[in-house]
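Biologist: I would like to learn how to read a few features of a protein model. Could you take me through them one at a time?

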Amino acid sequence: MQPPPMGNERPRPQHQGVPGRPVSAFVPGAAVAPAPPSFGAAAAPRAPFAPPGAAASPAGAPFAAAAPPAAMAGYRGPPPPQRPFGAAPPPQGPFAAGAPPPSPFASAPSSQGPFGTAPPPSQGPFTGVTPPPQGPFGTAAPPPGPFATTPPSQGPFASAPPPFRPPPSLTQPQSPTAGAMAPPASYVRPPPVQSQPPPPVQGYYTGPPTANPQFPMSRPAFQQPVQTMPPPPMAGFGNQAAYPTAGPPTGTLQSLVEDFQSLSVSSAPGSLDPGLDIKGLPRPLDGDEEPVKVLESYPSNCHPRYFRLTTHAIPASQSLVSRWHLPLGAVVHPLAESPDGEVPVINFGAAGVIRCRRCRTYINPYATFADAGRKWRCNLCTLLNDVPGEYFCAIDPSGRRYDADQRPELSKGTVEFVAPTEYMVRPPMPPSYFFLIDVSVSAVRSGLLEVVAKTIKSCLDDLPGFPRTQIGFITFDSTLHFHNFKSSLSQPQMMVVADLDDVFLPLPDDLLVNLVDSRHVVESFLDSLPNMFQDNVNVESALGPALKAAFMVMSQIGGKLLVFQSTLPSLGNGRLRLRGDDVRAYGTDKEHTLRVPEDPFYKQMAAEFTKNQIAVDIFSFSDKYCDIASLGSLGKYTGGQVYHYPSFQAVTHGDKLKHELSRDLTRETAWESVMRIRCGKGVRFTTYHGHFMLRSTDLLALPAVDSDKAFAMQLSLEETLMTTQTVYFQVALLYTSSSGERRIRVHTAAAPVVTDLSEMYRQADTGAIVSLLSRIAVENSLSDKLDSVRQQLQLKLVRSLKEYRNLYVVQHRIGGRLIYPESLRFLPLYILCMCKSLALRGGYADVSLDERCAAGFSMMILPVKSLLNFIYPSLYRVDEVLAMEPDRIDGSLKRLPLTMQCLDTGGLYLLDDGFTFLVWLGRMLSPELVNSILGVSLANFPDLSKIHLRECDNEYSRNFMKILRTLREEDASYHQLCRVVRQGEQPREGFLLLSNLVEDQMAGTSSYMDWILQIHRQTQS
Ligand SMILES: [Zn+2]
């Protein structure tokens, strides 16, 4: 036992496992311990900052005191009656206590009811105008489905194989025509459809002429859609005059190419050729396509990076919503990096923030002025408001204020308002960072402590909020170690509390201190931290009591709590069972319970944290099961995030941890924030998806939020028929900046209301749809089997494409082709990718439970671009560019389709999903090149799992490392862990690379081509 360097007594092991002693160890010179307050009592007195009335709240009603910014003047009145957490969850929130809601779609209008309301069989779900049933998500397994009501001869869907089950080998006779009686198996040849030759336009879509006969190395030359094309009239689509700019009609199909894409899936009769040109399949090799074209029609909108709708055409009627089939909603990334410089900051001064008197909308470019400039009309609720005298300006004959161009709030979609004091319930808090660090034996042995201590120390100068920043630490194993950072000390003092049942603070102050004042004490602590516990053999973890202690320290100020956990919590409240993964649970009604917290403790703690403006980030490092499902809920409900480093070893994962922790500590952060999204009459956001706590029906509580967090939400129509022509949206994030200013960031956007389904498809945004769908799917996996979740995704896709097909197919005799809107050309692949993602793929054996849950937590917060790259990673061939001039390399890297067929055995490839780099060495790759990059010869049979790539003194290595650096700089939110695998090296190649080649068939999943054939058949039924 090594004595701690600061001369304080650490308890000898005899204290371990003796809970119940009120004070097991104490430090000489420490302040007299106050009477241990109970946990509940500690939370109650919040006098200095408590909003009026909070003190009177019952201590047992956490939300009672939760009147933080929500209740501020400015937001739509006070929050609804306060309720104890858990007693009355917000109506639609995924954040209600207890089991997750049965379905995010559950709040959809009743007209979109469950399958029971499917139209009568004789009618067929898609024949009339009757909206097909909607909302299969979250409901029980969809087997019968609306498709089952179709006459069997046309309805292969019901018997169609889910994406992950080998199809039953049915032997029904094949019909010579597509659609009827298509073979259900995806792996057999497709129906020999359409004996006529394919339409002339086919060649247009089958990929570019490419020099490489093997495979196209760049994305197929899909023609960009003609965006300026006016929408075709709903009725009489075939009327060619509807396309004045398209020139004279030149052929049935050709004139339509702007509206839809199609893939020929016809094969010659009797041929074994599937008839699908795999090279011509659409692939998102340019990543996310931000719908910036919206800004052409709506230049006053905020940039789509902040706010994007799943379709930039709001349906005018409920029946259109039903026929759209895809989720209607939005993705919001409130603090995204600004695409065009600084966000303008506006201080209204004496006039106060200009807002609508009735609906509290902030003044924005879509507001109109009347009465010679003395009134302004709210674009959301149409109320005519007075213009304050200080804000008055005359208007020109067109009604525009003369100063509109000088005022960003009247000309820009994104602005930030300085909030006056009425937007505060307490003085803006200083940024505060509190660290809860597991120092049990595994944390010490893995090298974790050293990396964490060094990284934090290296970030001290860059923590936001200088000179007000606060900092503090608690370390723990089977006991809790408090550290006194009083500025008059030369070294920190450690106090140990072994009573886990009745946690108390042995020192009322100086546990969370001003960084400037106590800098030398904090540095001294971080320098000694790795050695302090180097001989610790304690294997226990009292995380729950440590969380309570941290809460007691932080509850007055709020801030960020960073938890470093390297083993399963084993002592005190919140101890978790080694429930692990249970293969028997898969495929049963119990399967989802593996993916949700078992002990309500973590969720309850999360509620307490949020209420007190504390965001929790979890860094998990265990080499064994550590119940990410439970731990992660701390991040999920507090606006935090989950970092997972399975089997952490400093030598391998140290860089990744260092970068990600630094990013977490130094990125600009918005504190004690709340977000609300208002929308115009007739529409309403019903469910929200991301990491936050829902306070009241539409107010998202975010103790901290930063540029790495995005949110998604579903929209529904409140009226059966919309009468307005435009719908407006306004995102408002009220927060405290690190400098201590109260700010409101406001994003405003407008979207047209349409009566035409094809226009909804034309304006669809695949990135937003995938973002929203994947969050819904991850949430559904918390209440349903993975298999059902995947089937539901497939069902959405099929219904949507089928509906689209019905718009065009009859007039244009395109029976043998899979048709889809240009805007959704990547959707089938992305949905396949979702089904194959870490969070949703396979079953028991395919992904470890913790890894699956961690991926799920990440997918809930990732911005669109990162999410798309996570599920369809970037693959590059690298060896060919390594000899180039460094300046030419970036432009020469081309993304490749994710299939084995792209990999040449003589090549070196790099796969990047944003979290991991995988370097794949082809079997025939030149040994010299391998040697140059790895710094070791493969002839020595090095253990590639332990290879740590460093820059070697040669051109190849320098260029290679430069490529890695460039890719990492593109998105700094995570740091890719670099792993190397050699072709044929099993099983590593399998789980590192092959499982990421999402276009290939593997382990019972469909290949991209099979998937398209399957979807095609199902849309024809
Ligand atoms: Zn209004």
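Modeller: Gladly; we will look at a sheet, some backbone geometry and then charges. Please keep in mind that this is a predicted model.

Biologist: Let's begin with the sheet. In what order do strands β26, β27, β28 and β29 lie, and how are they paired?

Modeller: The general idea is that strands of a sheet pair through backbone hydrogen bonds, either parallel or antiparallel. Here the four strands form an open sheet, ordered β26-β27-β28-β29, with mixed pairing. At the edges are β26 (874-877) and β29 (977-982), each of which pairs on one side only. On average, neighbouring strands of this sheet are turned by 20 degrees against each other, direction ignored.

Biologist: Which residue of β27 is the bridge partner of Leu-875?

Modeller: That partner is Leu-911. As for the strands themselves, β26 pairs with β27 (residues 908-912) in the antiparallel sense, over four bridges.

Biologist: Now the backbone. Which residues are joined by cis peptide bonds at Pro-467 and Pro-987?

Modeller: As background, most residues other than glycine have a negative phi, and most peptide bonds are trans. In this model, Phe-466 and Pro-467 are joined by a cis peptide bond with omega about 0 degrees. Pro-467 sits in the loop between α7 (448-459) and β11 (470-476). Gln-986 and Pro-987 are also joined by a cis peptide bond, with omega about 5 degrees. The loop holding Pro-987 runs between β29 and α22 (988-992).

Biologist: And what is the sign of phi at Asp-371?

Modeller: Positive: Asp-371 has a phi of about 55 degrees, although it is not a glycine. You will find Asp-371 in the loop between β6 (368-370) and β7 (375-377).

Biologist: On to charges. How many salt bridges does the structure hold?

Modeller: Side chains of opposite charge can pair when their charged atoms come close. This structure holds 50 salt bridges. One of them links Lys-611 with Glu-608, where the closest N and O atoms are 3.4 Å apart.

Biologist: Why are Lys-611 and Glu-608 separated by about one helical turn?

Modeller: Because they are three residues apart in helix α10 (residues 601-611).

Biologist: Which residues make up the negative surface patch, and which element gives the largest share?

Modeller: The patch consists of Glu-885, Asp-887, Asp-890, Glu-955, Glu-969, Glu-970 and Asp-971. Two elements, α19 (886-892) and α21 (955-970), give two or more residues to the negative patch. The largest share, three residues, comes from α21, the helix in which Glu-955 is found.

Terms used:
Residues numbered from 1 in each chain as written. Predicted model: local features only at pLDDT ≥ 70, side-chain atom pairs only at ≥ 80, totals over all residues. Heavy atoms only, no water. Pairing = 2+ DSSP bridges. Axes fitted to C-alpha atoms, helices over the stretch in contact; angles between N-to-C directions. Patch = residues over 30% accessible without salt bridge, like charges linked within 9 Å, V, L, I, M, F, W, Y side chains within 5 Å. Areas by Shrake-Rupley, 256 points an atom, 1.4 Å probe, with all protein chains shown as cover. Salt bridge = Lys/Arg side-chain N within 4 Å of Asp/Glu carboxyl O. Lys, Arg positive; Asp, Glu negative; His and termini not counted. Charge placed at Lys NZ, Arg CZ, Asp CG, Glu CD.
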